[in-house]
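Student: I'd like a close look at one part of this model. Could you take me through how its helices pack, and then link that to whatever sits around them?

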Amino acid sequence: MPFGEVVIGPPGSGKTTYAYGKYQLFTALKRSIAIVNLDPANDNILYPCSISISSLITLSEVMETYNLGPNGAMLYCMEYLEANFDWLEEELKKLDEETYFVFDFPGQVELWTNHESVKKIVGLLTKKLGFRLAAVHLCDSHNVTDAGNYVSALLLSLRTMLQLELPHINVLSKIDLVQQYGDLAFNLDFYTEVQDLGHLENLLNQNSHPRYASLNMTLCSIIEDYALVGFETLAVEDKESMLHLSRVIDKATGAVYIPPSNQPVPDNATFNPTNAPSSKRPNTYSLFSSAAGPMKGPYSDARGVQERWIDAREEYDAFERRQWRKEGEAVAAEKNKEQMERNKGMGGKGEGEGMEYKNKIKIRERL
Ligand SMILES: Nc1nc2c(ncn2[C@@H]2O[C@H](COP(=O)(O)OP(=O)(O)OP(=O)(O)O)[C@@H](O)[C@H]2O)c(=O)[nH]1
Ligand SMILES: [Mg+2]
């Protein structure tokens, strides 16, 4: 029962870039990860891909063979994948159960709002193969700069949550660009926490015909009645932002409750150290401390995100540049030190003698 996530969201919302970012983050954290590309239109795959739908079917093949447009061909590809699920099952079984799986899906919204194939594929992964998955739904953060777009992103998120029936995390992606997209009418937490949508009334009515006024507010009240939608934020190149989102996802899938297989067991723990896969091992000693507490750390509060990317962006960018310069200098100094020590160690001679030794070799080579 491996853990993982399905990455979905409208075209261009940053799914593939995020999947690659997650690969880089987990590799740096020494956490085993595999990316499964299920987008048959992905020609240029950025990340090292463990499984790709292109070995089963590609969008261009379907368009050519059946004379279909890109949207129809995409639906065909997903139906084909559903019908040939055994192919995916075989490929997944070749990989280690301890691996974390990221499924990169295509960006056609009807695949997870109306069409049944993606829902059935996800159902087979969770129910038949026992995957513990969360849906990570990316929406471009330019949506928060316009009230109408924001309501449509809320409706899309709600519809997706109801359709996929997975632990679900909505994410405002590309939050580092939000300042460039335009001014926000409210603070960022208004949008991430989906606070009183009644405040959007004037903004919505400014840009639409008066006869749509009551439709706008009815849509808002549907979203509020469900009270399900909220957003995390993501700037894919920011390590803290990626780490925060990973913690949220681990909490949603339950991965946070499972200790790594190499973790020592405390004396008083009721713990069965078998070789069972990680998702089957209980972790009684950290269950409540990790489950009950609120999320902590940078970016766990939208006000921190607003300060970083909107209110004091220049200062933070300058601070980050200074930190990177310092890190670079520290690495260079460390390398220099190592080199000096290597020179010293050569034939048990001192620094100067080591250099002399090197020069001698060079002279001999020249001869
Ligand atoms: N500044 C910034 N750019 C981003 C971020 N995430 C993605 N992008 C850019 O957004 C563009 C689209 O990203 P993709 O990863 O191709 O989006 P996608 O959702 O996979 O697109 P489709 O597969 O076509 O649906 C690329 O130019 C990325 O570089 C982010 O966090 N910050
Ligand atoms: Mg993509």
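Tutor: Let's start with the residues where helix 7 meets helix 11 in this predicted model. On the helix 7 side you'll find Val 151, Leu 154, Leu 155 and Leu 158, and they meet Leu 219, Cys 220, Ile 223 and Tyr 226 of helix 11. Sort that contact by class and you get 8 nonpolar residues, with no polar and no charged ones. As for the geometry, helix 7 spans residues 147–164 and helix 11 spans residues 213–226, and the two pack at an angle of about 45 degrees with their axes 10 Å apart. That angle makes helix 7 oblique to helix 11. The crossing of this pair is left-handed.

Now hold that up against helix 2 and helix 3. Helix 2 (residues 59–66) packs on helix 3 at an angle of about 110 degrees, and their axes are 9 Å apart. So helix 2 is roughly perpendicular to helix 3. Here the crossing is right-handed. Helix 2 brings Leu 59, Val 62, Met 63 and Tyr 66 to the contact, while helix 3 brings Pro 70, Ala 73, Met 74, Tyr 76 and Cys 77. Once again there are no polar and no charged residues in the contact, just 9 nonpolar ones.

Helix 3 has another partner to look at, namely helix 6. Helix 3 covers residues 70–83 and helix 6 covers residues 117–128; their axes come within 9 Å and cross at roughly 30 degrees. Angles under 35 degrees count as roughly parallel, so helix 3 is roughly parallel to helix 6. Helix 3 passes helix 6 in a left-handed crossing. From helix 3, Met 78, Glu 79, Leu 81 and Glu 82 take part, and they meet Ser 117, Val 118, Lys 120 and Ile 121 of helix 6. This contact has a mixed make-up: 4 nonpolar, 1 polar and 3 charged residues.

On to the strands. There are 7 of them in an open sheet, and if you walk across it the order is 3-2-4-1-5-6-7, with parallel pairing. At the edges sit strand 3 (51–52) and strand 7 (232–233), each pairing on one side only. For a detail inside the sheet, try strand 5 (residues 132–140) and strand 6 (residues 168–173): they run parallel and are joined by 6 bridges. One residue pair to click on is Val 136, whose bridge partner in strand 6 is Ile 169.

Last stop, ligand 1. There are 17 residues around it, and those that come nearest are Gly 14, Thr 16, Thr 17, Gly 107 and Val 236. Which element gives the largest share of the shell around ligand 1? That's helix 1 (residues 15–28), with 3 residues. By class, the shell around ligand 1 divides into 5 nonpolar, 8 polar and 4 charged residues. Set that beside the contact of helix 7 with helix 11 where we began, which has no polar and no charged residues.

How values were computed: Residues numbered from 1 in each chain as written. Chains lettered and ligands numbered in written order. Predicted model: local features only at pLDDT ≥ 70, side-chain atom pairs only at ≥ 80, totals over all residues. Axes fitted to C-alpha atoms, helices over the stretch in contact; angles between N-to-C directions. Helix = DSSP H or I, 4+ residues; strand = E, 2+ residues; numbered from the N terminus. Parallel < 35°, antiparallel > 145°, perpendicular 65-115°, else oblique. Left-handed = near helix turned anticlockwise from the far one by under 90°. Contact = placed C-beta atoms within 7 Å. Nonpolar A, V, L, I, M, F, W, Y, C, P; charged D, E, K, R; others polar. Near = placed C-beta within 6 Å. Pairing = 2+ DSSP bridges.
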